[in-house]
Structure formats: structure tokens, C-alpha cells
Amino acid sequence: MGRPEGKYAWTVTVGEKGQIVIPKQAREVFGIKPGDTLIVLGDRDRGLAIPPKAQFTKFISAVFETEAEDEK
């Protein structure tokens, strides 16, 4: 059974200072370069997520649209 196309899984180790190293293949797949800023999202039930940079603008737009609709 192969992995689904476009789906990946890697393991990382958390260091003493709470730092992780993003695996080289993951950096290549998502175009992460030294000095890039990433967003880490957390949900107590679902865990952590580090979305690709390109998805950040879409995510933030969706969050603000949802909040604006909730205020109506």
C-alpha cells in the first residue's frame, strides 16, 4: 500500500530548548528557506499544524471572514 499522492509524514525530535529541525525533504517540498517565518497552529484535540506559506493568506482571510459573519 503506497502513500496517497501529495501526503507526507516525517518525524522530528524536540531539543532541550523546544526547537525542532524541519526535515530536508519537507523543506524542499514546501519551499522553506533559511530565514522564513512559519506559523504554528495548535488545537488541544487535533494537535499542531505548520501550514505551507502559500496557505497562510487563505487561512487568515477565512478566519477574518468567519469572525465578520459571526458578528452580524
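A residue counts as exposed when its relative accessible area is over 50%, as buried when under 20%, and as partly exposed in between. The model described here is predicted. By this cut-off V40 is exposed, because its relative accessible area is 52%. V40 sits in the loop that runs between α1 (24–30) and β1 (41–43).

V40 also belongs to a nonpolar surface patch. The patch covers about 620 Å². Its other members are V12, V14, I20, L38, L48 and I50.

The chain holds two helices and two strands. Read from the N terminus, the order of elements is α-β-β-α. The chain has 72 residues, and 3% of them count as buried.

Aromatic contacts were examined next. A pair of aromatic rings is described by two values, the distance of the centres and the angle of the planes. The count of aromatic pairs comes to three. Y8 and W10 form a stacked pair. Their ring centres lie 5.3 Å apart, and their planes differ by 5 degrees. The angle is under the 30 degrees used as the limit, so the pair is classed as stacked. W10 also pairs with F30, here edge-to-face. The distance is 6.5 Å centre to centre, with 80 degrees between the planes. This angle is over 60 degrees, and the pair therefore counts as edge-to-face. W10 lies in the segment before α1, whereas F30 lies in helix α1, so the pair ties together parts that are 20 residues apart in sequence.

Y8, W10 and F30 form one aromatic cluster. Each member falls into the partly exposed class. Y8 has a relative accessibility of 35% and is therefore partly exposed. W10 is partly exposed because its value is 31%. F30, with a relative accessible area of 35%, is partly exposed as well.

The largest pocket has a volume of about 530 Å³. Its lining consists of 15 residues. Closest to the pocket centre are W10, A26, F30, A49 and I50. Two elements, α1 and β2 (47–49), give two or more residues to this lining.

Some residues recur across these features. W10 and F30 belong to the aromatic cluster, and both are among the lining residues closest to the pocket centre. I50 is a member of the nonpolar patch and is also one of the residues closest to the centre of the largest pocket.

Notes. Residues are numbered from 1 along each chain as its sequence is written. This is a predicted model: local features need pLDDT of at least 70, side-chain atom pairs count only at pLDDT 80 or more; totals for chains, interfaces and linings use all residues. Side-chain values use heavy atoms; hydrogens and water are left out. Patches are made of residues with over 30% relative accessible area and no salt bridge: like charges are joined within 9 Å, nonpolar side chains (Val, Leu, Ile, Met, Phe, Trp, Tyr) within 5 Å. Accessible areas come from the Shrake-Rupley method with a 1.4 Å probe; for residues, only the protein chains shown count as cover. A salt bridge is a side-chain nitrogen of Lys or Arg within 4 Å of a carboxyl oxygen of Asp or Glu. Helices (H or I, at least four residues) and strands (E, at least two) are DSSP runs, numbered from the N terminus. Buried means under 20% relative accessible area, exposed over 50%, partly exposed in between (1.4 Å probe, protein chains only). Rings of Phe, Tyr and Trp (its six-membered ring) pair if their centres lie within 6.5 Å; planes under 30 degrees apart count as stacked, over 60 as edge-to-face and the rest as tilted. On a 1 Å grid over the protein atoms alone, a cavity is a set of points where a 1.4 Å probe fits but cannot get out, and a pocket is an open set with protein on both sides within 12 Å along at least five of seven lines; lining residues have an atom within 4 Å of a point. Grid points are joined across faces, edges and corners, and a volume is the space filled by probe spheres set on the points.
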